[in-house]
Amino acid sequence: MTVNDETHWTNKETRDAWNANAAFWDEKMGEGNDFVNLLQWPAILRLLDPKAGQYILDIATGNGLTSRRLASLGAQVEAFDFSSKLIKLAKAKPNPESRITFRILDATDESALLSLGEHTFDSALCNMGLFDMADIETLFHALPKLLKPGAIFVFTLTHPAFNNASCVHVAEERDDQGEIKTVFSVKISRYMSPHLLHGLAIRGQPKPQLYFERPLQYYFNLAFQSGFVLDGFEECAFPAGAAQKNPLSWGGNYSEIPPVVAVRCRLSAAS
Ligand SMILES: C[S@@+](CC[C@H](N)C(=O)[O-])C[C@H]1O[C@@H](n2cnc3c(N)ncnc32)[C@H](O)[C@@H]1O
């Protein structure tokens, strides 16, 4: 597969932004924020079920936080990201027993992906990375060749229906049978058509980045066309009472609205 011109330029802009934001991201994210600790990682543990001795591919690893968590459970981890700055930061952190190999690799480059080794991985993970990628078709087509037959691919996303770049957070008051209550909700104005928007992963980051918004059916149909079946799915919301950075940020005030989804795809044993 070759990527078209638009993908080429949006991919380049995305890489430049992640390099520009790498130090800021690493400082703020460290070994995980509330999104990672309360929403993504518990769902990843349930869906991926990582085991000691497994060989796991960590796609778009960022500063390597999920790789270190997998390695601490005894897995061997092959981790990549296309940001050289993030990979440098990841390599500078502890890597007990050298269980993690970090490399610079672009997920839109099929031959680079296949150089990781065909039918070698027990499973693959992409935590909060696919909506940051200019093209995910190349990756989905390569994964069945990288994974062992019957293996799984787990990915998490900002929920395409409730937490995309068009999302507006709303607080309103209503009279609930004599008691004045604040109602927190989100307004979504774009969902169906894949589109690009600039945004901030973390407030205050040096450079806005591109978000590649795609509806759920885009992800699922791509997975099905690539030979996967969907066999695990979680929508993850903060528990009521979870900390709020401010009343309108994601947290306990939005316990009925999931900002994250976690998906498990499985190859058929024959593929
Ligand atoms: C939101 S961060 C997630 C990082 C990490 N998985 C985590 O859980 O902290 C998204 C990552 O996707 C990476 N990325 C975006 N497009 C990529 C591509 N084409 N190939 C490899 N990495 C890419 C970025 O460099 C960034 O590190």
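Which residue with a positive phi follows α3? In this predicted model, the answer is Gly-74, whose phi is near 100°. The helix that comes before Gly-74 spans residues 65-72 and is mostly covered, with seven of its eight residues buried. The buried positions of α3 are Leu-65, Thr-66, Ser-67, Arg-68, Arg-69, Leu-70 and Ala-71, a list that takes in two arginines along with leucine and alanine.

Positive phi values also turn up outside glycine, and two loops are worth a visit here. Most residues other than glycine have a negative phi. Asp-49 departs from that pattern, with a phi near 50°. Its place is the loop that links α2 (34-48) to β1 (55-59). With a relative accessible area of 42%, Asp-49 is partly exposed, because this value falls between the 20% and 50% cut-offs. Glu-97 likewise has a positive phi, in this case near 60°, and sits in the loop between α4 (84-91) and β3 (100-104). For Glu-97 the relative accessible area is 64%, and the residue is therefore exposed, the cut-off for that class being over 50%.

Attention now turns to the ligand. Around the ligand there are 19 residues, of which Ala-60, Asp-81, Asp-106, Ala-107 and Asn-127 come nearest. Several polar contacts can be followed atom by atom. A polar backbone atom of Ala-60 lies 2.7 Å from a nitrogen atom of the ligand, and a polar backbone atom of Ala-107 is 2.9 Å from a ligand nitrogen. Asp-106 takes part through its side chain, where a polar atom is found 3.0 Å from a nitrogen atom of the ligand. The ligand exposes 600 Å² when taken alone, and the protein buries 98% of that area. Sorted by class, the shell around the ligand comprises 10 nonpolar, six polar and three charged residues. The element that gives the most to this shell is helix α1 (residues 5-29), with three residues.

Empty space inside the protein is a separate matter. Rolling a probe the size of a water molecule over the atoms shows where such space is left. The structure holds one cavity of 30 Å³ or more, and about 40 Å³ of space lies in the largest cavity. The lining of the largest cavity is made up of Phe-131, Leu-157, Thr-158, Pro-160, Phe-212, Glu-213, Arg-214 and Tyr-219. Two strands, β5 (147-158) and β9 (209-213), each supply at least two residues of that lining. In terms of class, the lining has five nonpolar, one polar and two charged residues.

Strand β5 returns in a contact between parts of the chain that are far from one another in sequence. Gly-150 is found in β5, and its C-alpha atom is separated by 4.6 Å from that of Leu-267, although the two residues are 117 residues apart along the chain. Gly-150 has a relative accessible area of 23% and is therefore partly exposed, since buried means under 20%. A second pairing across the sequence involves Phe-220, a residue of helix α7 (residues 216-225). Phe-220 and Cys-265 are 45 residues apart in sequence, with 8.9 Å between their C-alpha atoms. At a relative accessible area of 16%, Phe-220 counts as buried, because the value is under the 20% cut-off.

Conventions. Residues are numbered from 1 along each chain as its sequence is written. This is a predicted model: local features need pLDDT of at least 70, side-chain atom pairs count only at pLDDT 80 or more; totals for chains, interfaces and linings use all residues. Side-chain values use heavy atoms; hydrogens and water are left out. On a 1 Å grid over the protein atoms alone, a cavity is a set of points where a 1.4 Å probe fits but cannot get out, and a pocket is an open set with protein on both sides within 12 Å along at least five of seven lines; lining residues have an atom within 4 Å of a point. Grid points are joined across faces, edges and corners, and a volume is the space filled by probe spheres set on the points. Helices (H or I, at least four residues) and strands (E, at least two) are DSSP runs, numbered from the N terminus. Ala, Val, Leu, Ile, Met, Phe, Trp, Tyr, Cys and Pro count as nonpolar, Asp, Glu, Lys and Arg as charged, and the others, Gly among them, as polar. A residue is near a molecule or strand if one of its heavy atoms lies within 4 Å of it. A polar contact is a pair of N or O atoms within 3.5 Å; within protein, one must be able to donate a hydrogen and the other to accept it, and residues adjacent in sequence count only if both atoms are side-chain atoms. Accessible areas come from the Shrake-Rupley method with a 1.4 Å probe; for residues, only the protein chains shown count as cover. Buried means under 20% relative accessible area, exposed over 50%, partly exposed in between (1.4 Å probe, protein chains only).
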